[in-house]
Amino acid sequence: LVRKAKRINIECIVRGYIAGSGFKEYENFGTICGIKLPMGLKDFSKLVEPIFTPSTKAEIGNHDINISEKETIKIIGEKTFNFLKEKSIALYKKASECALEKGIIIADTKFEFGFIGDEIILIDEILTPDSSRFWDLKNYQAGKEQNSFDKQIIRDYLEKDLKWNKTLPIPELSKEIVKKTISQYEKICNLLING
């Protein structure tokens with residue numbers, strides 16, 4: 001069943017660990033999306049509590065930008081912001097608990113929401129290797145690269161191997177990277193379903 005929703009133009013990102021663009025901001029300012037974090041965190045460190053760090057929902061070809069609570073409220077209003085924050089953190093916590101039982105850390109994830117009439121519903125895919133960072137619990141160690149089961153393999157290939165500057169045109173992926181990515185996606189599916 002497919003229903004047309006009016007998208008809320010915010011990506012609802014929840015972080016239980018510090019990584020990616022969040023860690024880059026933290027290194028420079030000690031914050032993520034204006035949220036002050038304790039000093040001395042390493043890349044991939046676990047946060048005391050998950051944090052809600054929204055970003056803009058950019059048009060195709062542009063980049064999403066992490067924004068503060070205040071900036072988000074200006075875009076979507078306080079009532080909608082509070083609802084999205086509460087539901088996003090609750091979804092993340094529930095999914096994280098389930099994944100941990102299977103030996104998987106969900107480091108962070110993003111949700112998208114939309115309106116059908118006055119009701120806010122989840123839209124788009126959720127908790128996939130495209131929208132979440134999945135790490136192997138048994139090999140987890142803060143400060144070290146993680147054993148990932150998500151699109152990190154593609155990020156690394158584009159940024160480290162091809163030195164892509166994130167402008168158009170987007171480089172084509174090699175057949176080898178596509179094959180490795182499919183393999184990682186199949187692994188996380190099997191681990192989450194079968195443990």
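Below is a short chat about a predicted model, covering a tryptophan, a helix and two cysteines.

Trainee: Which strand is W135 in?

Mentor: W135 sits in strand β9, which spans residues 132-136.

Trainee: And is that residue buried or exposed?

Mentor: W135 counts as buried because its relative accessible area is 2%, and the cut-off for buried is under 20%.

Trainee: How far is W135 from S96?

Mentor: Their C-alpha atoms are separated by 11 Å, and the two residues are 39 apart along the chain.

Trainee: Moving on to α4. Which of its residues are buried?

Mentor: In α4, residues 152-161, the buried ones are Q152, Y157 and L158.

Trainee: What do those pack against?

Mentor: The buried residues of α4 pack against β9 and against α5, residues 175-194. Strand β9 is the one that holds W135.

Trainee: What about the backbone just after α4?

Mentor: K163 comes just after the helix and takes a positive phi of about 55°.

Trainee: New topic. How many disulfides does a search of the whole structure find?

Mentor: Zero. For C98, the nearest cysteine sulfur is that of C189, 15 Å away. A disulfide needs the sulfur atoms within 2.5 Å, so C98 is in none. C189 is likewise in no disulfide, with the sulfur of C98 as its nearest at 15 Å.

Trainee: Is C98 buried, exposed or partly exposed?

Mentor: C98 is partly exposed, at 39% relative accessible area.

Trainee: Why does C189 count as partly exposed?

Mentor: Because its relative accessibility is 39%, and partly exposed lies between the 20% and 50% cut-offs.

Key. Residues numbered from 1 in each chain as written. Predicted model: local features only at pLDDT ≥ 70, side-chain atom pairs only at ≥ 80, totals over all residues. Heavy atoms only, no water. Helix = DSSP H or I, 4+ residues; strand = E, 2+ residues; numbered from the N terminus. Buried < 20%, exposed > 50% of the residue type's maximum accessible area, 1.4 Å probe, protein only. Contact = heavy atoms within 4.5 Å.
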